[in-house]
2 protein chains.
Amino acid sequence: MELRLLRSFIAVAETRNFGAAARALMTTQPALTKQIQVLERQTGNTLFTRGRHGASLTAAGEALLADSTDLVRRADALALRMERVAMGAEGVLNVGFGMSTIDVAPRSVAAFRECHPAVDIRLEDMSSSVQFAAIREGSVHVGFVRLPAPPEMGTRVIRRDQLALAVPSGEAIPEPDRSSLRECLQDRPLIRLLKDRGPGLAAQTNELFTDLGCSPTVMYETSDLLTVLALVAAGAGWSLVPASASAIVPEGVQLIPIDLESAVWSVGTAWLLKSQSPLVPLFLQSVETNVKG
Amino acid sequence: MELRLLRSFIAVAETRNFGAAARALMTTQPALTKQIQVLERQTGNTLFTRGRHGASLTAAGEALLADSTDLVRRADALALRMERVAMGAEGVLNVGFGMSTIDVAPRSVAAFRECHPAVDIRLEDMSSSVQFAAIREGSVHVGFVRLPAPPEMGTRVIRRDQLALAVPSGEAIPEPDRSSLRECLQDRPLIRLLKDRGPGLAAQTNELFTDLGCSPTVMYETSDLLTVLALVAAGAGWSLVPASASAIVPEGVQLIPIDLESAVWSVGTAWLLKSQSPLVPLFLQSVETNVKG
DNA sequence: GGTTTCGATTCCATGCTGGCATGCAATTTA
DNA sequence: TAAATTGCATGCCAGCATGGAATCGAAACC
């Protein structure tokens, strides 16, 4: 029993006229006659009583009509659904993001959700390195990460970010060259923004220190950026934070961007290249417009 | 989207292995590969990620799997149901019966209902002529009627029945020859069992009177056999009833079968010859065993 | 009685479908 | 390291299912 035959059957049952049904189905009357004959042979029932004034349903035909219309309707709904899935109008999209994209990521997701309400999009907070692992195993489809990403992933740069010195207001501002910085930071009590290991902010900070050739004493360690800035404001020490944190810098703290190569990194989106979900490019485009806007 | 493709898809999705699925479907692996490719083209989605260790479902494939199994299950159920309808294990059967088959008809229907519980069988009381009309228009499928039936119907004789004189006990019993009967009945008050016109009991009675060449005076008319017999017992007059009524004859009444040709008729089943319902022969067979038993 | 209507039948071309052999890639085994 | 194995894809070919044009047959209508 194939859906094609059931569709033909329904058409005949509704018009009670083979010729008219054939026209509606964009086929010919002999073809329809044969199809119904096949269906009758397959079901073992005579479905129509053929009269001179068209065809009328037998009891068996009536029984089939009710169920087959339901079946065909479901099949059509399924086809439609698959079409929506193909277009990316439906589905699941897991997005990862880290501290450094706290401004872009939620905005992008919210905008995307508005455009595609049937998509189940979720935002999960995790560091870049965790995101890379999650993307690789498929549990995250697009990540907002620090670049570069592993080679099996596609990336798009959103912006370049850099480290900045968080210094209590009123302190003498060091020149942003290598030697001044080394001198400044050497032996200075430092508040460290601690996240995971891997290509994160902590790693970036370490890289800078290696570049400068100094190793400050760490006074406090915390994983919350606001806590760090509050401690700096309270005079507990200096710190190194993303320059993009300027948006949330409290009273009593100034940020001094560091223009050294080792203090600069890119932030962007990453996704598995072999992923074929139509949602990924759709979401990337949404991000692009949101970053520009 | 055809059910064949969905069945193939489900088989692959369940085994996660094209070769194994092909074996299960009694086909070959290349055929399956092509079917899935067609399905993927039709739905516009990649349904499997083909790895070295078999195939695994994509997100789109997962979405399709749930709905398609449901769809296929429904289609199978429908096919099964049609099979049952074809076998006569399911359906509607309307049976008509009259006074003269009050013994056989309900028993046959009850027995049939027990054997085929899914069949919605209904018994309706109506005279033979009404049954013929109902059978012709399809509202009754099998009737218990007086024979003969119209030529477009098939028939089977259940038994021969005849008219009998219902006489109060103690009355002189007339010889059952034509002249004695005429003499007896002429001018005798008669209680008439009145049903509809047509080839019914009343017609049979009239036929007998024509044959005898007499026309008794009708004292009472009623359509209930028991009332007729009660009136006879009360001495209100004589009557002509089916000889088979002997089973319910009350005290004070005796039945005298009339052996004349014009007083005899057959009782049996009738059905539309062009009816193709499998329930009809099934029911007829059931009747046959019930009549013999 | 001719005409129309409506379904069934016949015949034929087309194209879908499946099967076989084979290819290709990755992994396991000797 | 070569051979065997596993697993899916591809090319090619045969067979059959499917559909279309023409025709038929029966019934109804004018």
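Reader: How much area do chain B and chain A bury between them, and what share of it is on carbon and sulfur atoms?

Author: Keep in mind that this is a predicted model. The size of an interface is often given as the accessible area lost when the parts come together. Here chain B and chain A bury about 2,300 Å², with 65% of that on carbon and sulfur atoms. In residue terms, 28 residues of chain B are in contact with 28 of chain A.

Reader: Okay, how many salt bridges does the rule find across that interface?

Author: The rule finds 4 between chain B and chain A. In one of them, Arg74(A) pairs with Asp70(B) at 4.0 Å, N to O. On the chain B side, helix H1 (3-15) and helix H4 (59-87) each supply at least two residues. H4(B) gives the largest share, 15 residues. By class, that side has 14 nonpolar, 8 polar and 6 charged residues.

Reader: Now the DNA. Which residues are closest to strand D?

Author: Of the 21 residues that surround DNA strand D, the closest are Thr27(A), Lys34(A), Arg52(A), Thr33(B) and Arg50(B). Look at the strand's side too: sugar and phosphate make up 68% of its atoms that come within 4 Å of the protein.

Reader: And which part of the DNA does the side chain of Lys34(B) approach, base or phosphate?

Author: A base oxygen of strand D, 3.4 Å from a side-chain N or O atom of Lys34(B). For Gln35(A), the partner is a phosphate oxygen at 2.9 Å, and Asn17(B) has a phosphate oxygen at 3.3 Å.

Reader: Which element gives the largest share of the surface near strand D?

Author: H3(B), with 5 residues. By class, the surface near strand D has 5 nonpolar, 10 polar and 6 charged residues.

Key. Residues are numbered from 1 along each chain as its sequence is written. Chains are lettered from A and ligands numbered from 1 in the order in which they are written. This is a predicted model: local features need pLDDT of at least 70, side-chain atom pairs count only at pLDDT 80 or more; totals for chains, interfaces and linings use all residues. Side-chain values use heavy atoms; hydrogens and water are left out. Contact means heavy atoms within 4.5 Å. Buried area is the accessible area (1.4 Å probe) that two parts lose on being put together, summed over both. A salt bridge is a side-chain nitrogen of Lys or Arg within 4 Å of a carboxyl oxygen of Asp or Glu. Helices (H or I, at least four residues) and strands (E, at least two) are DSSP runs, numbered from the N terminus. Ala, Val, Leu, Ile, Met, Phe, Trp, Tyr, Cys and Pro count as nonpolar, Asp, Glu, Lys and Arg as charged, and the others, Gly among them, as polar. A residue is near a molecule or strand if one of its heavy atoms lies within 4 Å of it. A polar contact is a pair of N or O atoms within 3.5 Å; within protein, one must be able to donate a hydrogen and the other to accept it, and residues adjacent in sequence count only if both atoms are side-chain atoms.
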